Amino acid sequence: MIRRPRLVSGVAVGILIALLFLAPVLYAVMLSFESPTHFLNSPMTLGKPVLSNFGKAWSQADLGPELLRTILYAVVAGLASTALGLLIAFPIARRLVRGSAALYTFLFIGVFLPLSIIPLYAEARSMDLYNNTIGYIILHIEPGMPLAVMLLVASVSTLPAEFDEVAWMEGASYLSYLWRVVVPMVRPALLIAFLYALLGVWNDIIGPVALLSSSSLYPVTEGVFTFYGSNSSEWTLLAAAVVIVSLPVVALFIACQRQLNRASLAGSVKG
Amino acid sequence: MTKAPVTTGDAVRGKARRARPARLLSRTSKITMWGGLALALVVYLLFGIGPMIGNVIISFTDYTQLAWATTHVVGFANYASMFTSQSTAFYQSIVTTVVFTLAVTLGQSALGLLLAHKLVGDSKWAAVGRLLVFVPIALGVTIVGLVWIMIFDPAQGPATSFFGLFGVHSAFLGADGWALGIVIFVQIWQNAGFSTLVFIGGLRAIDPSLYEAGAMDGIGTWRRLRKITFPLLAPSVTANVMLALVGAFTTYNLIYVLTGGGSSYGTQTLGMLAFNDAFGVNAETNLGYGAAVTVALFVMTLVVATPVLIYLRGRERRLLR
């Protein structure tokens with residue numbers, strides 16, 4: 001049975017969440033279905049819903065190809081970042097190398113590094129990573145690594161070291177051991193590290209401008225920005241573009257959130 | 001790598017000193033381990049540490065990136081000018097950063113804790129709540145920024161209608177008194193879901209038998225929260241405060257989307273100032289100065305975050321004893 005004050009505070013938080021987190025998103029969705037003239041005359045009401053914004057937004061900017069490109073950048077860089085993080089984290093957590101503690105501190109400093117765009121740009125030019133797909137991905141691997149190492153060292157440390165010893169005595173190779181035994185057991189940490197790295201690419205607003213020059217390589221955030229002008233009559237288009245771009249990302253997170261919840265539940269059942 | 005199982009001066013603390021499992025690895029496995037480690041460290045050095053060192057070097061020059069200009073070593077001139085000629089912008093941005101960081105760190109952690117406390121359960125509503133709270137993170141800074149720009153639009157936005165009810169009219173993101181508050185609010189709004197996630201993980205890791213023991217001793221909700229939940233959440237508090245703190249210190253992208261860099265509306269934090277000087281509105285004149293601001297930002301982040309981290313770790317040890 002639910003006690004009264006509990007129910008009241010539950011409802012209060014429910015209303016808070018609805019107002020704070022649902023309303024702004026719904027407003028953008030509402031705008032995307034409004035005709036521009038209706039929006040200009042009475043911006044706060046939903047007129048007769050129209051679909052034309054979506055078609056226009058889709059064709060005016062290269063949203064489709066840009067979206068695919070962004071997913072490619074973010075997923076590959078995120079995976080590489082997580083994998084390299086594990087390759088550092090495992091030897092540190094198991095103290096397989098001398099100076100593990102110093103190495104950990106060295107990686108920890110990376111969490112505090114601010115963006116150094118000018119040297120990065122110079123590096124990109126000299127290493128032929130400027131304005132090409134592979135280069136753009138390589139340049140985005142590092143930002144996720146420090147946090148990946150922190151999370152994975154913590155997670156690997158909770159696994160009993162006897163696992164390693166048994167497997168290695170039976171002759172399992174390092175990589176296949178990591179892949180078959182460690183990866184499944186530290187999956188929640190891997191997932192968080194991956195999402196964090198992926199979001200770094202997704203949230204990068206200076207990278208596209210500083211590290212790419214041809215618009216045919218731009219990620220989708222640049223495409224959405226083309227609808228943002230001083231002219232608010234275009235805003236129904238902007239809202240439509242926002243909705244189009246958000247759908248796949250939100251879908252990805254819904255899929256991952258299930259995993260995350262299951263993972264953190266499973267992690268809590270230990271003796 | 002030496003064959004000695006345990007070497008002195010090594011960081012093997014706390015644990016029993018037994019033979020290193022590394023010697024169980026086959027020769028090829030050892031090579032792959034070192035290879036993987038080396039590859040990962042090369043990426044980290046080249047694209048993480050390297051550019052920062054580059055920044056330190058550039059900060060001692062008057063580098064401009066203009067093809068015809070020669071670069072000179074200017075010593076500490078760029079650092080000196082932070083405190084003299086361009087001081088208003090620098091001092092102002094320090095104040096802005098402190099206000100922004102304090103408000104965001106406290107607000108994001110508090111809201112995250114409140115939401116996690118209510119959304120930790122297994123009910124369907126809790127799952128829906130967790131999803132909604134997490135959506136802004138998935139949307140990313142560009143989308144989040146654009147949505148709030150539309151909401152705070154002085155002509156058409158719902159915020160205009162809402163505040164109009166109270167007779168308050170403002171240019172919001174274009175108004176001195178408002179812009180920083182809105183930027184703080186949106187930064188918290190965007191990242192609250194992350195704090196919630198970390199706190200939910202922490203809450204779930206608490207052994208339920210402790211609550212049962214507490215219930216048997218007949219302690220009330222408030223005491224239970226104070227004596228059991230909060231102390232055991234200490235590691236989550238550390239993680240949250242550190243991530244919010246460092247995030248708030250170095251951020252520039254959300255501010256850039258919301259106010260375009262905003263030196264005129266009081267939203268130019270140090271991270272934003274470093275961006276503006278290296279790449280944005282003030283870039284052409286002297287990249288060395290921008291690099292110096294970036295170095296200052298890094299040092300300040302370390303100077304502020306290290307004692308906070310030491311304090312929070314100490315707090316963990318005290319509370320979990």
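Of the 321 residues in chain B, 43% are buried. Keep in mind as you look around that this is a predicted model. Chain B is built with 12 helices and 0 strands, and 75 of its residues are in contact with chain A.

**Fold of chain B**
- Reading from the N terminus, the elements run α-α-α-α-α-α-α-α-α-α-α-α.
- Among contacts in chain B with a separation of 6 or more, 67% join residues 24 or more positions apart.

**Where chain B meets chain A**
- On the chain A side, 76 residues take part, facing 75 residues of chain B.
- Several helices of chain B each bring at least two residues to this side, including α1 (27-58), α4 (124-151), α5 (158-165) and α6 (176-204).
- Further along chain B, α9 (234-250), α10 (253-259), α11 (270-278) and α12 (287-320) also supply at least two residues each.
- Sorted by class, the side of chain B that touches chain A has 49 nonpolar, 21 polar and 5 charged residues.

**Two domains in chain B**
- The domain assignment splits chain B into domain 1 (23-58) and domain 2 (80-320).
- Between the C-alpha centres of domain 1 and domain 2 of chain B there are 32 Å.
- Contact between these domains of chain B involves 4 residues from domain 1 and 6 residues from domain 2.
- On the domain 1 side of that contact in chain B, you will find 3 nonpolar residues, 1 polar residue and no charged residues.

Definitions and conventions. Residues are numbered from 1 along each chain as its sequence is written. Chains are lettered from A and ligands numbered from 1 in the order in which they are written. This is a predicted model: local features need pLDDT of at least 70, side-chain atom pairs count only at pLDDT 80 or more; totals for chains, interfaces and linings use all residues. Helices (H or I, at least four residues) and strands (E, at least two) are DSSP runs, numbered from the N terminus. A residue is buried if 20 or more other C-beta atoms lie within 10 Å of its own, exposed if 12 or fewer, and partly exposed in between; C-beta atoms are placed from the backbone. Two residues are in contact if their C-beta atoms, placed from the backbone, lie within 7 Å. Ala, Val, Leu, Ile, Met, Phe, Trp, Tyr, Cys and Pro count as nonpolar, Asp, Glu, Lys and Arg as charged, and the others, Gly among them, as polar. Domain bounds come from an automatic or database domain assignment.
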